[in-house]
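Hi,

Here's the structure I promised to pass on. Have a look at it first, and then read my notes below.

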Amino acid sequence: MPDPDRPIPLAQPDIGLAEETEVLEVLRTGRLALGPKTSEFERLLASFTGMPWAAAVSSGTAGLHLAMKSLGVGPDDCVVTSSFSFVASANCITYEGAQPVFLDIDPDTLCLSPEALAAYLGSCKEADDGLHDPVTHRRVAAVEPVDVFGHPVQLDRIRELTDPWQIPVVSDSCEALGSRWRRDDGSWVHAGATADAAVFAFYPNKQIATGEGGMVVGTDPDVDEKILSYRNQGRRPGDAWLHHTRIGYNYRISELQSAVGVAQMRRIEELLGKRAAVARSYDEILAGVEDVQTPSSADWADPAWFVYHVRLDPGIDRNRAVEHLNRAGIESKAYFEPPIHGQPPYSGRSDLVPAPLTITEDASEHVLILPFFAAMTSEQIARSAEGLKAAVASARRSS
């Protein structure tokens, strides 16, 4: 039984004997990089997501960077994304000298708003090479929707807007492994599966964990070839050992990380099932709690929640609630606060924010996350939920 007074962490990977066995197997081979375990990890994830190829990299951020580079994003370009996300969603654009353009989000899914995207693209100027931003005159080189908190983006709605202009879509699915969405024909597809490239991440708080690590998936073999080369210092598959066709990066994943990933992928349905059960338990305990809105999903979505988030009523001082929870040994954080356009590298840049981000800023002021991981016990869930109730009661603003 867990110690009722022991702090409850925000996240915790579910690692056991299967992972230990895989790691020991790699250690005993003596091959710790560029080996068969990484290839196996890639095959397992490609099969699970229904994609023809997957390329493992050192992190989700590295994957996003290489996706942007491989799809031709460059210094004269801009990329449309949302600000309610982890900063890597914008940094991966900036790495290539391009600028992010932040649009508002949907109030229910918290993902990039198709309506905001339609309005923005409608304001752009037409040119021979596509659409150009009306303020900076940069070419709109890509759209990067983010599957926020594991809720998938309905990519067909995004592609209806981008395809007429041949604008590539890079799906930041780093928080969404295991999430699915339903197409108009009734078929279900994995998050990111209809993007030109989609990226998953395996930090210890994700659906599967390898410590650090990420994976790019897609359908275009040319993009796959570029990513495999860029991740390995520009060496193409099949090149001689010290032959480097292009300038690349050391974005390789290790065999040890891949070994953990292989074990986690073999348990993926178990891990997703545990996380779903934790989310349902939270939903049941917090149902009807005054001033607390639990996460919801669109009727076309089947999320694999990355975190369990709630939105507090404006009458609740969110920061006081977080402090109350943390003092009680229940780790909690405000998410995403500040949003990316409020971070020092991007703040005060009107050229990056073509329209008010009203919904983004409202979510940033009122969302908090509770402890959430596959191995949470019923006692930990109950303690966290009851702690939230007490925190909300203590953080009501005086009228």
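Asp220 caps the N-terminal end of helix 7, with one of its side-chain oxygens 2.8 Å from the backbone nitrogen of Asp222. Keep in mind that this is a predicted model, so treat that distance as a computed value.

Helix 7 itself covers residues 221-230, and its buried residues are Val223, Asp224, Ile227, Leu228, Ser229 and Tyr230. What do they pack against? Their partners are two helices, helix 2 (36-49) and helix 3 (60-70), plus two strands, strand 1 (53-57) and strand 11 (214-218). A handy bit of background here: an α-helix has 3.6 residues a turn, so residues three or four places apart point the same way.

Next, the nonpolar core. The largest one has 61 residues, and Phe84, Tyr120, Val140 and Phe149 touch the most other members. Helix 5 (residues 114-123) gives this core its largest share, 4 residues. If you want one residue to click on, try Val140: leaving aside neighbours within four places in sequence, Val140 is in contact with Cys78, Val80, Tyr120, Leu121, Cys124, Leu131, His132, Asp133 and Ile167. In soluble globular proteins, nonpolar side chains tend to be buried together.

Last, there's an open sheet of 3 strands, in the order 9-8-13, with antiparallel pairing. Strand 9 (188-190) and strand 13 (301-302) are the edges, each pairing on one side only. Strand 8 (residues 180-182) joins strand 9 over 3 bridges, and you can find Arg182 standing opposite Trp188 of strand 9.

Cheers

Definitions and conventions: Residues are numbered from 1 along each chain as its sequence is written. This is a predicted model: local features need pLDDT of at least 70, side-chain atom pairs count only at pLDDT 80 or more; totals for chains, interfaces and linings use all residues. Side-chain values use heavy atoms; hydrogens and water are left out. A nonpolar core is a set of buried Ala, Val, Leu, Ile, Met, Phe, Trp, Tyr and Cys residues joined through side-chain atoms within 4.5 Å. Buried means under 20% relative accessible area, exposed over 50%, partly exposed in between (1.4 Å probe, protein chains only). Contact means heavy atoms within 4.5 Å. Two strands pair if DSSP finds at least two bridges between them. A polar contact is a pair of N or O atoms within 3.5 Å; within protein, one must be able to donate a hydrogen and the other to accept it, and residues adjacent in sequence count only if both atoms are side-chain atoms.
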